[in-house]
Amino acid sequence: MTHKVKAAVFASGSGSNFQAIMEADTACEIVLLVCDKAGAAVVEKAATHQVPVLTFNPKDYSSKAEYEQMLQQKLTEAGVEWIFLAGYMRLIGPVLLQTFPERIINIHPSLLPAFPGKDAIGQALAAGARQTGVTVHYIDEGIDTGPVIAQATLDVSPADNEATLKQKIQRLEHQLYPQVINQLILEK
Ligand code: GRF
């Protein structure tokens, strides 16, 4: 068997992108799911795929630096080289950014720099955008401000609402994210 690069996924929610990564034939092995919400659906998805889960409650720590030091230790012990954020609802701080330079990536449901932050799909609809899409980008200190790696575009139809647009966006995310992950790992 060929050696696979070890990676972790960070997620806080339903985990459909986590699942897409698990089901794709990528050049990495997901050795840890990190989740900051104990009851999140992604935790059950990890169990189904036999991926070890690390859940933590940020409120149990005095600062971001403190819980990121805990995460850093666990990630290092697990041999993690890449971190893929998939609906992780927290900003990454200096501890993890310095440990994994250009090795933390994120997927966002808009064509950045348009519609950063929360509810990007609702923002696109409210703005009457004729096109939107998804962006895979490196993480930096800001909110969805890191360098763009790849984007995919889709048309917004006048009949679209939050639910239909979300469905279209997620279909695109599930194709693009595993593809870009693979490409990045093979390039480095
Ligand atoms: C995705 O739309 C992703 O772009 C955003 O958060 C959402 C996570 O969805 N960052 P899921 O938990 O992967 O289903």
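Me: Which residues lie nearest the centre of the largest pocket, and how many residues line it?

Reply: In this predicted model, the largest pocket is lined by 32 residues, of which Gly87, Tyr88, Met89, Ile107 and Pro109 lie nearest its centre. Two or more lining residues come from each of α1, β5, α5 (120–126) and α6, and α6 gives the most, with five residues.

Me: What makes Gly15 a polar contact of the ligand?

Reply: A polar contact is a pair of N or O atoms within 3.5 Å. A backbone N or O atom of Gly15 lies 2.8 Å from an oxygen atom of the ligand, so this pair meets the cut-off.

Me: What makes Glu173 a polar contact of the ligand?

Reply: A polar side-chain atom of Glu173 lies 2.3 Å from an oxygen atom of the ligand, and because the cut-off is 3.5 Å, this pair counts as well. Taken alone, the ligand exposes 360 Å², and the protein buries 84% of that.

Me: Why is the ligand said to sit in the largest pocket?

Reply: A molecule sits in a pocket if more than half of its atoms lie within 2 Å of the grid points of that pocket. The ligand is assigned to the largest pocket, which means that it passes this test there. The volume of the largest pocket is about 890 Å³.

Me: Why does the shell around the ligand count one charged residue?

Reply: The shell consists of Ser14, Gly15, Ser16, Asn17, Gly87, Ile107, His108, Pro109, Gln170 and Glu173. Asp, Glu, Lys and Arg count as charged, so Glu173 is the charged residue of this shell, alongside two nonpolar and seven polar residues.

Methods: Residues numbered from 1 in each chain as written. Predicted model: local features only at pLDDT ≥ 70, side-chain atom pairs only at ≥ 80, totals over all residues. Heavy atoms only, no water. Near = heavy atom within 4 Å. Polar contact = N/O pair within 3.5 Å; in protein donor to acceptor, adjacent residues only side chain to side chain. Areas by Shrake-Rupley, 256 points an atom, 1.4 Å probe, with all protein chains shown as cover. 1 Å grid on protein atoms, 1.4 Å probe; cavity = no way out; pocket = protein on both sides within 12 Å on 5 of 7 lines; lining within 4 Å. Points joined across faces, edges and corners; volume = space filled by probe spheres on them. Helix = DSSP H or I, 4+ residues; strand = E, 2+ residues; numbered from the N terminus.
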